[in-house]
Amino acid sequence: MTEVAAGPGCSTDVEVLDSLVIGAGQAGLSASYHLRRRGLDHVVLDAEAAPGGAWQHRWDSLAMRDVHGVSALPDSVSPTDPEGRANVVVPAYFATYEREHDLPVVRPIRVDTVTEHNGLLLTRAADRTWTSRTLVNASGTWSHPFVPRYPGMDTFLGEQLHTHDYPGPLPFRGRRVLVVGGGASAVQHLGELAPVADTLWVTRREPVWRTDDFTPELGRRVVALVEERVRRGLPPASVVSVTGLALRPQEREAERLGAYRRLPMFESVEPDGVRWADGRFERVDVIVWATGFRPAVTHLAPLRLRSPSGGIQLDGTTAVADRRVQLVGYGPSASTIGANRAGRTAARGVADWISASAAGLPV
Ligand code: FAD
């Protein structure tokens, strides 16, 4: 792994950056593009060894035709290669974008903490520190897979894995696989697994199937609902909990095989299967936890941004608890299209804060 120059704003320099962006996925790249357009000094610190954000870690069997669309980054055209692997096509697109727009991405740097000192923000990664007036957090969710706890989980003798580590369907051929979760990932996993394995599906709630098209109007309603939660400081809801689920042509075979007949959540896990409250037992070889992700924001803990309701309260993309901090790719902007727009809003928030503080106005 090549060590990169620490870049401006690092402790060896005297410079104080206008802003620092954490994460070079869709949200961080969009923010960086708009910061640059506004002439704001910044660096983007990214934990990955290569461009691509979380997309480089998506499972190999996920083709571009399987993803729900990757929105174009600002001033560019999104990739069109339906048969291409998402974990190759999108990272290549991001790499070209970083290069063509000469974005100041520094990697691999995993930020440990952000603290505040004398009115400035100090971002630390291992033994390095960057100093900035503002911060744009774009660290996504991929590094924080969420697995709920169920009694007996640790006694299971089969294989348990999360979507984060899903390798595609082939290793599960001929096995009995239980998929847990009511989101788009569960639907996609079942679509691939059912033709090669014996599958079961459990969800906490009855899934809501959408038969109509995903219209721009529905998209706006979804974003407004998640935005409202975040404005109140609640933890952001999953977008699917609001949009409902849809089957695509590549999932019709699984549907025909009955893979989408869902069972309610089991009560406990036993060494060779799962048991429901009414005594029903199903033997399974594998449990796939398609149970989502949580915002990767532990490095922001010292800034005490969380509201008593458990989420980070936002006004647009601005953290209400500290208006120097912008969050992009969080809550309503946790999609490629939302992340894009949030990058622009965040850059405006940074510019407003810097000009107001330079003019001595209350910020
Ligand atoms: P990411 O792409 O995750 O980028 C975050 C970056 O921050 C990463 O490079 C990470 O390494 C870095 N980082 C994290 N922590 C640190 C740290 N402490 N220090 C430094 N760097 C750090 N959206 C769609 O629009 N269409 C889809 O089809 C779609 N499919 C999805 C499928 C799955 C399984 C998942 C989980 C999400 C999907 N989404 C989809 C959502 C979408 O991927 C993201 O919301 C969107 O790409 C925005 O990405 P991001 O920039 O917020 O995060």
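**Around the ligand and the second largest pocket**

Sorted by class, the shell around the ligand is made up of 16 nonpolar, 13 polar and four charged residues. Keep in mind that this is a predicted model. Here's a quick tour of that shell, followed by a look at the second largest pocket.

**The ligand and its shell**

- In total, 33 residues surround the ligand, and the closest are Asp46, Glu48, Arg58, His68 and Thr336.
- Thr336 also makes a polar contact: one of its polar side-chain atoms sits 2.8 Å from an oxygen atom of the ligand.
- On its own, the ligand would expose 1,000 Å², and the protein buries 88% of that.
- Looking for helices here? α1 (26-37) and α7 are the elements that give two or more residues to the shell.
- Gln26 joins in through its backbone, with a polar atom there 3.1 Å from an oxygen atom of the ligand.
- Trp55 uses its side chain instead, where an N or O atom is 3.4 Å from an oxygen atom of the ligand.

**The second largest pocket**

- This pocket has a volume of about 270 Å³.
- Its lining counts 15 residues, and Val223, Glu227, Thr317, Pro332 and Ser333 lie nearest the centre.
- By class, that lining splits into seven nonpolar, five polar and three charged residues.
- α4 (216-231) and α7 (336-358) each bring at least two residues to the lining.
- So α7 turns up twice in this tour: α7 supplies residues to the lining of the second largest pocket, and α7 also gives residues to the shell around the ligand.

Key
Residues are numbered from 1 along each chain as its sequence is written. This is a predicted model: local features need pLDDT of at least 70, side-chain atom pairs count only at pLDDT 80 or more; totals for chains, interfaces and linings use all residues. Side-chain values use heavy atoms; hydrogens and water are left out. On a 1 Å grid over the protein atoms alone, a cavity is a set of points where a 1.4 Å probe fits but cannot get out, and a pocket is an open set with protein on both sides within 12 Å along at least five of seven lines; lining residues have an atom within 4 Å of a point. Grid points are joined across faces, edges and corners, and a volume is the space filled by probe spheres set on the points. Helices (H or I, at least four residues) and strands (E, at least two) are DSSP runs, numbered from the N terminus. Ala, Val, Leu, Ile, Met, Phe, Trp, Tyr, Cys and Pro count as nonpolar, Asp, Glu, Lys and Arg as charged, and the others, Gly among them, as polar. A residue is near a molecule or strand if one of its heavy atoms lies within 4 Å of it. A polar contact is a pair of N or O atoms within 3.5 Å; within protein, one must be able to donate a hydrogen and the other to accept it, and residues adjacent in sequence count only if both atoms are side-chain atoms. Accessible areas come from the Shrake-Rupley method with a 1.4 Å probe; for residues, only the protein chains shown count as cover.
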